Amino acid sequence: MIRHLEAAWPQEGCGVILRSGAGEGGSWRVIPLPNVSPTPHVAYAFAPEAWLQVCLDADARQEEVACVFHSHVDAPAVFSAEDRRQAAPSGIPLLPQVSYVVVAIRGGCAASASRSVWSAGDFQTVPLALADFRFEKPV
């Protein structure tokens, strides 16, 4: 996920994380998606056909969308007003059981991250440690 978001800079990168199984024994799969927003340096959008394919593949593999992720270019890792508007038009979440991860990418490198979840009628956001997303050894 981090590599995809860093590689997308200076545009926003995006994608989803799928989960299969329950509890600690479940597996996770990161699916990078192209950003088709007309203003990709300040917004992200999934292509409808790419989103449909993710949903069909997830269904066939008995997976569920656990997380939608995207980056903010040289801006804070906060769930912005635009992010809220897209995730919950008219104040109703499109994917109420899905978390949203935002990663700030500064100069092409991940700088900070946050996670937002729908709770009590709004999105609640908490910071995330970037170390949680790095599995390779530093060079």
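Colleague: Buried, exposed or partly exposed: what is R85, and at what relative accessible area?

Modeller: This is a predicted model, where local features need pLDDT of at least 70 and side-chain atom pairs count only at pLDDT 80 or more, while totals for chains, interfaces and linings use all residues. Residues are numbered from 1 along each chain as its sequence is written, and side-chain values use heavy atoms, leaving out hydrogens and water. Buried means under 20% relative accessible area, exposed over 50%, and partly exposed in between (1.4 Å probe, protein chains only). R85 is therefore partly exposed, at 49%.

Colleague: Which residue does R85 meet in a salt bridge?

Modeller: A salt bridge here is a side-chain nitrogen of Lys or Arg within 4 Å of a carboxyl oxygen of Asp or Glu. For R85, the N to O distance is 2.7 Å. The partner is itself partly exposed, with a relative accessible area of 32%. That partner is E82.

Colleague: And about how far apart along the helix are R85 and E82?

Modeller: Helices (H or I, at least four residues) and strands (E, at least two) are DSSP runs, numbered from the N terminus. Both residues belong to helix α3, residues 81-87. They sit three residues apart, so the separation is about one helical turn.

Colleague: Which residue forms a salt bridge with R84?

Modeller: Here the closest N and O atoms are 2.8 Å apart. This pair links distant parts of the chain, 38 residues apart, with R84 in helix α3 and its partner in strand β6 (residues 122-128). R84 is partly exposed at 26%, and the partner is partly exposed too, at 35%. The partner is D122.

Colleague: Which residues do salt bridges with shared partners join into one network?

Modeller: The whole structure has five salt bridges. One of them has the side chains of R61 and E63 meeting at 3.4 Å, N to O, and E63 is buried, with a relative accessible area of 14%. Through shared partners, the network takes in R29, R61 and E63.

Colleague: On to the inside. Which residues have the most contacts within the largest nonpolar core?

Modeller: By nonpolar core I mean a set of buried Ala, Val, Leu, Ile, Met, Phe, Trp, Tyr and Cys residues joined through side-chain atoms within 4.5 Å. In soluble globular proteins, nonpolar side chains tend to be buried together. The largest core has 21 residues, and those with the most contacts inside it are V16, L18 and Y100.

Colleague: Which elements each supply at least two residues of this core?

Modeller: One helix and several strands come up. They are β1 (14-20), β2 (27-33), α2 (48-60), β3 (63-73) and β4 (99-106).

Colleague: How many residues does the other core have?

Modeller: That core lies apart from the largest one. Among its members are I2, I17, C67 and V103. The count is twelve.

Colleague: Why is β1 largely enclosed by the rest of the structure?

Modeller: Two strands pair if DSSP finds at least two bridges between them. β1 pairs in the antiparallel sense with β2 over seven bridges, and with β3, also antiparallel, over seven bridges. It counts as largely enclosed because of how many of its seven residues are buried: six.

Colleague: What stands opposite R19 in β2 and in β3?

Modeller: R19 has an opposite number in each of these strands. In β2 it is W28, and in β3 it is E64.

Colleague: What kind of aromatic pair do Y100 and F123 make?

Modeller: Rings of Phe, Tyr and Trp (its six-membered ring) pair if their centres lie within 6.5 Å, with planes under 30 degrees apart counted as stacked, over 60 as edge-to-face and the rest as tilted. The structure holds six such pairs. For Y100 and F123 the centres are 5.6 Å apart and the planes at 90 degrees, so the pair is edge-to-face.

Colleague: Which strands does that pair link?

Modeller: Y100 is buried at 4% relative accessibility, and F123 is buried as well, at 5%. They sit 23 residues apart, in distant parts of the chain. The strands are β4 and β6.

Colleague: Which residues do ring pairs link into a cluster?

Modeller: F123 also forms an edge-to-face pair with W118, at 5.0 Å centre to centre and 75 degrees between the planes. W118 is partly exposed, at 23% relative accessibility. The cluster consists of F79, Y100, W118 and F123.
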